[in-house]
Structures are given as structure tokens and as C-alpha cells.
Amino acid sequence: MQAALEVTARYCRKEVEEYGQCVASNPSSWQQECHSLKVKVAQCTSSHPIIQKIRAECTGPLTAFEHCLKQNQSSEVNCSEHINKFLACAENVKAPKIGEAVPHHT
């Protein structure tokens, strides 16, 4: 979860900040008031070219991290090595050039 949040915060900062401000401003009704902003964050994370490329190029470390989390639900700290490997992979992914297709792994 931490890794996903870091990547999202880096590449969808504007959307995350707007959503966070809305939540902070509407403590009792944020779920209704901020729904459209939550959707914008989700759209950004699923459509941003660099995030798509990170998902494609870092499938192995991401899958290992997710598996670790499932095995260690009560102690996420046991997965710090997996988080670090995923973040290192994500850090090395270069932004796709304009018009470059992002590979999809199935």
C-alpha cells in the first residue's frame, strides 16, 4: 500500500491534494462530498502513462510485494524489502515518449 501511495502521490499530486483538502474540509460528509475527486485520483492512477509503464515493467516486484502482504497481514513491516525492490524498480522506469505504446502484461 505504501508503495502505491508513493507512486500515486508523485504522479497524481494535484488530484491527491484536491481530494485530501476536500476530506479535511468535510470531516462528517467527505465520503459523499469528495466522491468525484476520489474518482479523479483513481482515473489518474489507472491512466497516467508512467504508472502504466511502472505496472508493466515492475510486475515481478509488485506481485512479490502483494503476495508478501497477503502472507503478513498482521505485520506489514515484514514486507519492507519487497516495498524497497518495487520502489527501486519504479524509480528506474523512464517516462514513455509521446506516442509510445505502454506494454501490457497479461
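How many salt bridges does the count come to by the rule I applied, namely a side-chain nitrogen of Lys or Arg within 4 Å of a carboxyl oxygen of Asp or Glu? The count comes to four, and I return to three of the pairs below.

**Basis.** I note that this is a predicted model, in which local features need pLDDT of at least 70 and side-chain atom pairs count only at pLDDT 80 or more, while totals for chains, interfaces and linings use all residues. Residues are numbered from 1 along each chain as its sequence is written, and side-chain values use heavy atoms, with hydrogens and water left out.

**Overall layout.** I looked up the secondary structure, taken as DSSP runs numbered from the N terminus (helices H or I of at least four residues, strands E of at least two), and found seven helices and zero strands. Of the 106 residues in the chain, 25% count as buried, where buried means under 20% relative accessible area, exposed over 50%, and partly exposed in between, with a 1.4 Å probe and protein chains only. For contacts (heavy atoms within 4.5 Å), I recorded that residues 24 or more positions apart account for 64% of those with a separation of 6 or more.

**Disulfides.** Searching the whole structure for cysteine sulfur atoms within 2.5 Å of each other, I found four disulfides. Cys 12 is joined to Cys 44, with an S to S distance of 2.0 Å; Cys 12 lies in the loop between helix 1 and helix 2 and Cys 44 in helix 4, so this pair ties together parts that are 32 residues apart in sequence. Both of these cysteines, Cys 12 and Cys 44, are buried, and their link is left-handed, with -90 degrees about the S-S bond. A disulfide also joins Cys 58 to Cys 89 at 2.0 Å, and because the torsion about its S-S bond is about -95 degrees, it is left-handed. Cys 58 sits in the loop between helix 5 and helix 6 and Cys 89 in helix 7, so parts 31 residues apart in sequence are tied together. Cys 68 and Cys 79 are likewise joined, S to S 2.0 Å, and I noted relative accessibilities of 7% for Cys 68 and 0% for Cys 79.

**Core.** The largest nonpolar core (buried Ala, Val, Leu, Ile, Met, Phe, Trp, Tyr and Cys residues joined through side-chain atoms within 4.5 Å) has 11 residues in all, among them Cys 12, Cys 44, Cys 58 and Cys 89. Helix 5 (49-57) and helix 7 (80-92) each supply at least two residues of this core.

**Charged pairs.** Arg 10 and Glu 91 meet in a salt bridge at 3.0 Å, N to O, a pair that links distant parts of the chain, with Arg 10 in helix 1, Glu 91 in helix 7 and their positions 81 residues apart. Within helix 5, I found Glu 57 and Lys 53 at 3.8 Å, separated by about one helical turn because they are four residues apart; Glu 57 is partly exposed at 42%, whereas Lys 53 counts as buried at 10%. In Lys 85 and Glu 81 the closest N and O atoms are 3.2 Å apart, and both residues lie in helix 7.

**Thr 45.** I last checked Thr 45, placed in helix 4 (residues 35-47) and buried at 15% relative accessible area. A polar atom of its side chain lies 2.9 Å from the backbone oxygen of Ala 42, and, not counting residues up to four places away in sequence, Thr 45 touches Thr 8, Cys 12, Ile 51 and Arg 55.

Technical notes
A polar contact is a pair of N or O atoms within 3.5 Å; within protein, one must be able to donate a hydrogen and the other to accept it, and residues adjacent in sequence count only if both atoms are side-chain atoms.
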